[in-house]
Amino acid sequence: MNLPFSQNDLSHVVETDRAHVWHHLLQHKALETSDPRIIVEGKGMRVWDAAGREFLDAVSGGVWTVNVGYGRESIADAVRDQLIRMNYFAQSAGSIPGSLFAEKLIEKMPGLTRVYYSNSGSEANEKVFKMVRQISARHHKGRKNKILYRERDYHGTTIGALASAGQPERAALYGPFPEGFVQVPHCLEYRKQWDVENYGQRAADAIEEVILREGPDTVGLLCLEPITAGGGVIVPPEGYWERVQEICRKYDVLLHIDEVVCGLGRTGTWFGYQNYGVKPDFVTMAKGVASGYAAISCTVTTEAVFDLFKDDPADPLSYFRDISTFGGCASGPAAALENMRIIEDEQLLNNTLVMGDRLMANLEALKEKHAVVGDVRGKGLFQGAELVADRKTKEPVDEKLAQRVVAEANAQGVIIGVTNRSLPGLNNTLCLSPALIATAEDIDRITDAIDVALTRVFG
Ligand SMILES: Cc1ncc(COP(=O)(O)O)c(C=O)c1O
């Protein structure tokens, strides 16, 4: 660590943090007896805390975000140059990086043509929900306004986005929610809901059943994660996506894929949906778009959807009456452009595939060795291990034990994640999402630490 701060300065930071900062996700009572974690420096895959401890970060900034790793001077330079030239103007006007990043993005997303900027994943998803409601009001006489979401998926933290949360523990305490959001069943085959051979097709058929139950003329949108993240790293079974696409076409339901986690390389393709050949009407993205170097999110859609918002220029209600103040920050697309250049020039999609295979092989080996590992799943550098008390019954381990595994890995200098206050009784999946620059040594060090942690907690 090489910081322009003395140990005294850092101790002051820790104390003022304890006194004044309300951390995300934490029960602060616990911080009365321990120090808050303050991360002070990062380089590549590693971060250092205020006490000088070094950690290998296997979760890209805690929440699958820092895809190209820490300390990228070229992104900092791109942002600095842009801020000095032109930092901000409302997005009713354009910007140089906003225009150039949209062009680059659209090159990677055949079939989609329009990019709407905002600044968080929740907000990007809310934009889709608003667009669908406007399409309903203006083009379907108020019909087709319902939004379907899937059990175990998550689309954001605002009240509107939480209305689409398939993770009850996230939404508990924050209702009442807006109307018109309807849940469809999850597709995790490990926790089967149907005893059939073609599970993917069956799980997708369940969506059709919901559409028929609600009435196809009431349903406007189906919103899905390509691979569920915080709900337990769920890779849809074979045949699922093909059937989903068919169902959406059959009932004229727009398909929205939430790429907030998978977007920009995490699964070894630019976007998660591109593993499945599916053609969405909306794609949203945030976290990895600029790897956390600036706040940016995008709602991307087709020309057909875009055209619905300019049908009658004389009518003031025809355009999309929406703004996101910080969607006009030029630092976001400036950072995103450089982030994308790095992924291309350093061939990080390929590295993600190679290292993803290694990570999966290592997790499979842990499953062989530790009975508590019930299932391992994922794609690219986005993987999880579900911990069970009993392999036969698949009874989940107590979530406190899963959290102890995280703490034991942390004690060895490796930061891993676990599903957290998402699903009652099912917060038992360890989550791994190292940066796309991970090396074979990094991957082995991560799984070695989990190996030791599992032995310490479960014997
Ligand atoms: C799949 C998914 N969508 C949306 C969001 C919300 O993104 P944000 O926290 O940037 O609002 C998240 C956040 O974890 C997510 O995992």
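Q: How much space lies in the second largest pocket?
A: About 590 Å³. Keep in mind that this is a predicted model.

Q: Which residues lie nearest the centre of that second largest pocket?
A: Gln 91, Val 115, Tyr 116, Phe 306 and Phe 320, out of 21 residues that line it. To count as lining, a residue needs an atom within 4 Å of a pocket point.

Q: What makes S4 stand out in the lining of the second largest pocket?
A: S4 gives the most, with four residues. Strand S4 (114-118), strand S10 (297-301) and helix H10 (303-307) each supply at least two. By class, the lining has eleven nonpolar, seven polar and three charged residues.

Q: What makes Ser 122 a polar contact of the ligand?
A: The cut-off for a pair of N or O atoms is 3.5 Å. An N or O atom in the side chain of Ser 122 sits 2.4 Å from an oxygen atom of the ligand, so the pair is within the limit and counts.

Q: How do you know that Gly 121 and Asp 258 make polar contacts too?
A: Same test, within 3.5 Å. For Gly 121, a polar backbone atom is 2.8 Å from an oxygen atom of the ligand. For Asp 258, an N or O atom in the side chain is 2.7 Å from a nitrogen atom of the ligand. Both pairs therefore pass. As for cover, the protein hides 83% of the 390 Å² of accessible area that the ligand has on its own.

Q: Which helix gives the most to the shell around the ligand?
A: Helix H5 (residues 121-139), with three residues. The residues around the ligand include Gly 121, Ser 122 and Asn 125, and also Tyr 154, His 155, Glu 225 and Lys 287. By class, the shell has three nonpolar, six polar and three charged residues.

Q: Why are S1 and S14 said to stand at the edges of their sheet?
A: The sheet is open, with four strands in the order S1-S2-S3-S14 and mixed pairing. Strand S1 (39-43) and strand S14 (414-415) each have a single partner strand, so one side of each has no neighbour in the sheet.

Q: What makes S3 and S14 a pair?
A: Pairing takes at least two bridges between the strands. Two bridges join strand S3 (residues 54-57) to S14, so the requirement is met. These two strands run parallel, and Leu 56 stands opposite Val 414 in S14.

Q: Where is the cis peptide bond that leads into Pro 176, and what is its omega?
A: The bond runs from Gly 175 to Pro 176, with omega near 5°. Pro 176 has its place in the loop between helix H7 (168-171) and strand S6 (181-184).

Q: What is notable about phi of Leu 173?
A: Phi is near 90°, a positive value in a residue other than glycine. Leu 173 is found in the loop between H7 and S6.

Methods
Residues numbered from 1 in each chain as written. Predicted model: local features only at pLDDT ≥ 70, side-chain atom pairs only at ≥ 80, totals over all residues. Heavy atoms only, no water. Near = heavy atom within 4 Å. Polar contact = N/O pair within 3.5 Å; in protein donor to acceptor, adjacent residues only side chain to side chain. Areas by Shrake-Rupley, 256 points an atom, 1.4 Å probe, with all protein chains shown as cover. Nonpolar A, V, L, I, M, F, W, Y, C, P; charged D, E, K, R; others polar. 1 Å grid on protein atoms, 1.4 Å probe; cavity = no way out; pocket = protein on both sides within 12 Å on 5 of 7 lines; lining within 4 Å. Points joined across faces, edges and corners; volume = space filled by probe spheres on them.
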